[in-house]
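Work through these exercises with the model open beside you. Try each task before you read its solution.

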Amino acid sequence: MADDKDVLRDVWFGRIPTCFTLNQDEVTEREAEPYYLLLPRVSYLTLVTDKVKKHFLKVMKAEDVEEMWFEYEGTPLKWHYPIGVLFDLHASNTVLPWSITVHFKNFPDRDLLHCPSNSVIEAHFMSSIKEADALKHKSQVVNDMQKKDHKQLWMGLQNDKFDQFWAMNRKLMEYPTEEGGFRYIPFRIYQAMSDRPFIQKLFRPISPEGNAHTLGNLLKEMYPTAIPNDGEPKRYQVVIHGIEPLLETPLQWLSEHLSHPDNFLHISSWITQETVGLNGGNSELTDSLMRGRSESCP
Amino acid sequence: MPVSLLWAVDVYGRVYSLSTAGQQWEHCHDAQMEFKRVTAAQQCCWGIACDNNIYLNVHASDLPVRYQEETYENQRWNPVDGFSERLLPSDRWQWSDVTGLQHQPLDSFRLPSDSWEWEADWYIDENFEGEPTEKGGWTYAIDFPATYTKDKKWNSCVRRRRWLRYRRYKAMDTWSKIPSQQTTLPDPFSDISCGGWEISEEPRGRLSLWAVSLQGKVWFREGIYHQNPEGSLWEEVSLPGEVVQISCGPGDLVWAALWEGQLIVREGIGRDCPKGTSWAVVDSPSPDVGAIHVAVGVNVVWAVTKDNKVWFRRGVNSHNPCGSGWISMVGEMIMVNVGLNDQVWGISCEDRAVYFRQGVTSSELSGKTWKVISVPRDGDRSHSSASANSLQSAGYYFSGEVRAQSVVSDVESDTEKGSTDGPACLVTSASPESFVDAPTDHTSDQPTDTPKARIPKVTSDSFISELVSDREPAKTIRDVGSAAPAVLEEETIPGEGEVKAPCTDSSLSPTQSGGLLDPQWSNVDLEEAQGQQAQTAADAESADTCSLSSVATYTLAMEDPYGADEHPLWAWVSGGGCSVDTHSQLNWFNCTMNTSSLVQSVQSMSLSVTPAQTAAWRRQIFEQLSERTKREMDNFRHYEQAIEQSVWVKKGTMQWWRDWKPHKWIDVHFALEQFSGPEGNKDGILFIYYNFYEEKKYLHAFINEVTILVPVLNDSKHTFAIYTPERTKQRWPIRLAAATELEMHDWLALLSVSCCDSRGIQGPPSKQAIWSITCKGDIFVSEPSPALEAMPYPTPCDQMFWRQVGGHLRTVECNSVGIVWGIGYDHTAWVYTGGYGGGFFQGLASSTDNIYTQTDVKSVYIYENQRWNPVTGYTNRGLPTDRYMWSDASGLHECTKTNTKPPSPQWTWVSDWAIDYSVSGGTDREGWQYAADFPASYHGYKTMKDFVRRRRWARKCKLNTTGPWQEIPPIPLSDVTILPCAAQSSVDVVPLWAISNKGDVLCRLGVTTLTPAGSSWLHVGTDQPFKSISIGAASQVWAIAKDSSAFYRGSVSPQSPAGDCWYHIPSPAKQKLKQVSVGRTSVYTVDENGNLWYRQGVTPSYPQGSSWEHISNNVRKVSVGPLDQVWIIADKVQGSHSLSCGTVCHRLGVQPMEPKGQSWDYGIGGGWDHITVRGNSMEPPRICLPSLTDPSAPAPRSPLLARSGEVNSNAVGC
């Protein structure tokens, strides 16, 4: 593998094998079989689960059905995060397939956004792209696009058409060579088990001195605890698309190649297992992490 | 962009150059002495040394500078002796020039200077007008002067022959004094400026060199061009005043600063008169302060006034060389210099650093800001001896600014008189005015005597202000020393060096041990070091002259340990050879920080730098992604996909050139439906929906049947054509026009990816690929199948699939190990990098590495036509039946200066309209060509019978694109050929020959599959310029000269890559050959009338062959491949819809026994300009023809041998 374009393909075609099971509290007419599916890492749960819904509706009475939502080990899964981010954040250490529980009742309004139709996902997706382009190009690229171009991006994602999507998305990834990168890198850093939704600030790909910023520079600035001090073992895992890039990876390159279709670089991080052990159970955060783990282990 | 150099002189007179690719100033070590000033062109650099002589440094190039001396030997016939050297008294000399007026015996030729050497002895030129002559090279005529023929006739009374001898300029890359033939030297030069290379392309390498003498006179150097780099003589130019400094731009701008502070502008400079005719005066920018310095470019003038303010002149161009007004600029400079592309450099008044004016573009000539060039100098820390040396001489040198006396004093440096004289003169020479700022800066505790003696020596630029501010001292000095220099110069300099060196060394030895090697020495430093100076003042005073400077140095060095790290102090900079523009990436500006890390990060930023490909972080990502795939997907492939694949349709609107008459553009809907085929391969259908008499109809094409997508040249619409085999036969593609360029490129990229997907083609072209180029300059490549050359049923040519590769070229040549070279319209040489895509293929259809920017420049021509009438002479009022008074070459289309657009929207104008003198047939001084009537044959002089005239105007336009091509500077080429070798080990050196755009034959060294660009050129001497070359198997090199004669190069082998001599091959009768291509054994040529010729009787023992055999007409170009396959670009090919010019054709029936083939198979076209099949060495599937010996039988050493018997038998059998 020599070409950066292969990275784009690998990112796009990343799949998570998933087992959907119906929540036991749901009233069914007969027992629901689990449903197995390969979920695209870069898509959204509610966009790719029509088949799941159809599968479980077969065993349910129409009057018992409300809006479908998903939960993993007690955590409601936010559909507006890319599937890959949800997996990395909540289930990266799980045994595959990823086991997701399907609910049709008791929608957790506090935790999740409603998603009555795909147009809501589209609106969310497009607003992310626009926000990213505002950071990258002062919105110039996205504003220059026509309505049909926007549609092409969305249809590309919806129908899993890599070529269709990238034929348009490459424009969003261009930048003037003399500037060496985007204006700002659109990124979001998620912390597992944290109450904060995510970290998102302005960060340039190039330092004022003209050096390329790396992933390490970004973390140091945004999330210093994630970087191990000299000699210390790694305390945090920093994961993008299920992989851990080296800290010296140039941020601009990451943004061009490892961004999600919404044009954001979604970075997930959590405390490594060993560190949890070292710290003992002195914090609520590690507690919950420990609990989660022990529950997941048979 | 090729690497070029910025030249500068520091305050010690050391010459440095900075490469556009470099990150440090390189000391020009071979400069034997210190220089005052330098002025650079791209091919050379001129300088005034401290001996006031002018030196020239011609940059070494693979193309030698050779001058052809010729003389004629004349003989007359008489009944007794036959032809003899006894001539009639009225005849010309027995040895004369071509006109017979000059007596020129062989021994009268002398080398013009020490910089030249003879290449060989005199020899006789045996070629005459493209034909080999009979023995002895004699040509015959009835009488002198008359028309000569190569055949002796009954009435041939006189004969003559030409003797040739070459001399070669050997002083490359060193400073050599230019000879001055004049007995009375102009007084010493104080300023020099070269330029003017854009005024005319003929003769090649022409330069204008202007010089200013100390007395304020201006001199122009006559006769500088490529073959005569030193020029021939100085000519004085009359002046309205006395000049202090002069500047000559690349074009026709020449400005000079007068002593009095005004500026003068040279007018009347042109192609016929590079020296100009008169001066116009322009006032100083500031009413109170006079100008002291001026610098001009093509369209800009910058000036510096005595208060160091910088000024920019508005509205300057070649029609208005004086401009319209001054604009004051930010920054204080001692001098500024304008280089290529009107880029500006300056030396700051404050820190004496070299600054670059950032942001100078053609639309913003004044630029944006001054940016300091902060790169270290080589040897800043290492060359102790060098710095010591130059230090001592610097002392001499700066005092020597004012020249004569100090020379005298230095010679007598050991005497008491000398020691007192030197400083004394210096004091005199320093004008009171210029003195003012220096001493007042010094604090009061300073001993007054010591610094006074030194200050004038400080910098060379202060010299200028001294001279300007008060020229009286200079004049006095003149008087004192006027007699001395002429005599003393030669001996003084070396003598001075010898005398001084030892004493400097001894005085410097303590500092060397302290590691203080290159102390900075200037008035600034003097200020800082005053305290110490006070202590050493006594020593300094008592020391002899030569140690005066060294002691000062010593003292300063001790107190200033950081000297070496500070900015060097510069005195002069010249950017005339430095090719920088807004796109250039320079590493000059901030490498004082963390050089290595910066470089690295810059590399990783740019999309396509190879080192980054191997970076650890990248490997990590690749590895982890494949691990992820294993972990998350490999065991779950049987799972259902969340999203079902479906048909994807892309729609748009376009215009279509409709199929029925009258043809015109109509609006259509356009749709591409893509789907996955049964085996998972992608396929698609193209639909064009149109209205036919209110009825909705559509046209469709299957993507897997599309053979090519071609962008079409159209000056207003963005058009492209889609071909299928059927449409190729009909010569009638689907022609479409998109609304915008962007839209067209999107569609082309999409369709192209779709076509490649459906045929399973991806990645870079194979080594066997066939390359071709359209008239528009677009590059296409086709993957040959083994069946392409199969016998008897090859793949039809019209079924070949072509895909586009980014870039813009006129010629492309390849061989079977994947080495591909191209030549642009501007003759730039390019090598293929192994990538694919570029141009409008972005993102997925393009490789991320190996894609580089590419530019090309070509000229658009229009004609100005005039008719003569008895009353007013020639006017632009023609007859009603005449052509347009402004037209294209045919006269059928009106083309005015204002309505003529670049050939397509991709091109932009980069110059103004200018008269083109280089038209075939010649022109008069105003560019006119005359004829009896339109259209007729034109000639370059007016006769009684001429009633019309025309002249050609040219305007350059430029295209910027990207593609898998890298430039091979610096020699522009017109043809190239690569040996079509069989695939072997990668280290083998591949022979590659080329012709420069001036007609030199070149042989590229070091070309391998790993280094396809090779390393350097080897020049192959010829007696005349060449235009076409081809190398075939067994190192057969054939070439065509500009006079259309053919040549075979003898004894070319891997051991002797350039061969030894040329064998002249007569052309086919009455035909002028223009192109040659050599395959395994076949040699084909094309002549100017479109005939294709095959060389009969080529055998290993007689590789020159015996005669030309006519094969075909209507041929524009031929390419013979390593299998002897013959492909051409043909004209006038019949299709069911139209005739087409520029069609790719394949010779059918070519077999070992029948290398001439039988008929043509027609492929893609028209509009094609070039093809090369020299990469396709794929043997076709074997056929069983028992009577033939197997042509592909192993012939390890020479394929020629294997085939030779057949050629012979063929010749006999036919």
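**Exercise 1: Chain B as a whole**

In chain B, 57% of the 1214 residues are buried. This is a predicted model.

Task: State how many helices and strands chain B has, and what share of its contacts links distant positions.

Solution.
Step 1. Count the elements. Chain B has 17 helices and 73 strands.
Step 2. Take the contacts in chain B with a separation of 6 or more. Of these, 59% are between residues 24 or more positions apart.

**Exercise 2: The contact between the chains**

Task: Describe the contact between chain A and chain B by residues, area and salt bridges.

Solution.
Step 1. Count residues. Chain A gives 60 residues to the contact and chain B gives 42.
Step 2. Find the area. About 4,800 Å² is buried between chain A and chain B, and carbon and sulfur atoms give 56% of that.
Step 3. Count the salt bridges. There are four between chain A and chain B. One of them joins A:Arg41 to B:Glu632. Their closest N and O atoms lie 2.7 Å apart. The cut-off is 4 Å, so this pair qualifies.
Step 4. Locate the side of chain A that touches chain B. Elements that each supply at least two residues to it include α1 (4-12), β1 (15-22), β2 (35-40) and α7 (162-172) of chain A.
Step 5. Sort that side of chain A by class. It has 30 nonpolar, 13 polar and 17 charged residues.

**Exercise 3: A strand pair across the chains**

Task: Which strand of chain B is joined to β2(A), and in what direction do the two run?

Solution.
Step 1. Find the partner. Two bridges join β2(A) to β33 (residues 640-641) of chain B.
Step 2. Give the direction. The two strands run parallel.
Step 3. Pick out a facing pair. A:Leu37 is opposite B:Glu640 in β33(B).

**Exercise 4: A helix in chain A**

Task: Why is α7(A) largely enclosed by the rest of the structure?

Solution.
Step 1. Identify buried residues in α7(A). Among them are A:Phe162, A:Phe165, A:Trp166 and A:Leu172. Charged residues such as A:Asp163, A:Arg170 and A:Lys171 are buried too.
Step 2. Draw the conclusion. Because 10 of its 11 residues are buried, α7(A) is largely enclosed.

**Exercise 5: A hairpin in chain B**

Task: Describe how β67(B) and β68(B) pair, and find a positive phi in their hairpin.

Solution.
Step 1. Pair the strands. β67 (residues 1115-1120) and β68 (residues 1126-1130) of chain B are antiparallel, with five bridges.
Step 2. Name a bridge. B:Ser1119 has B:Trp1127 in β68(B) as its partner.
Step 3. Look between the strands. Five residues lie there, and B:Asp1124 of this hairpin takes a positive phi near 70°.

Definitions and conventions
Residues numbered from 1 in each chain as written. Chains lettered and ligands numbered in written order. Predicted model: local features only at pLDDT ≥ 70, side-chain atom pairs only at ≥ 80, totals over all residues. Heavy atoms only, no water. Contact = heavy atoms within 4.5 Å. Buried area = accessible area lost by both parts, 1.4 Å probe. Salt bridge = Lys/Arg side-chain N within 4 Å of Asp/Glu carboxyl O. Helix = DSSP H or I, 4+ residues; strand = E, 2+ residues; numbered from the N terminus. Pairing = 2+ DSSP bridges. Buried < 20%, exposed > 50% of the residue type's maximum accessible area, 1.4 Å probe, protein only.
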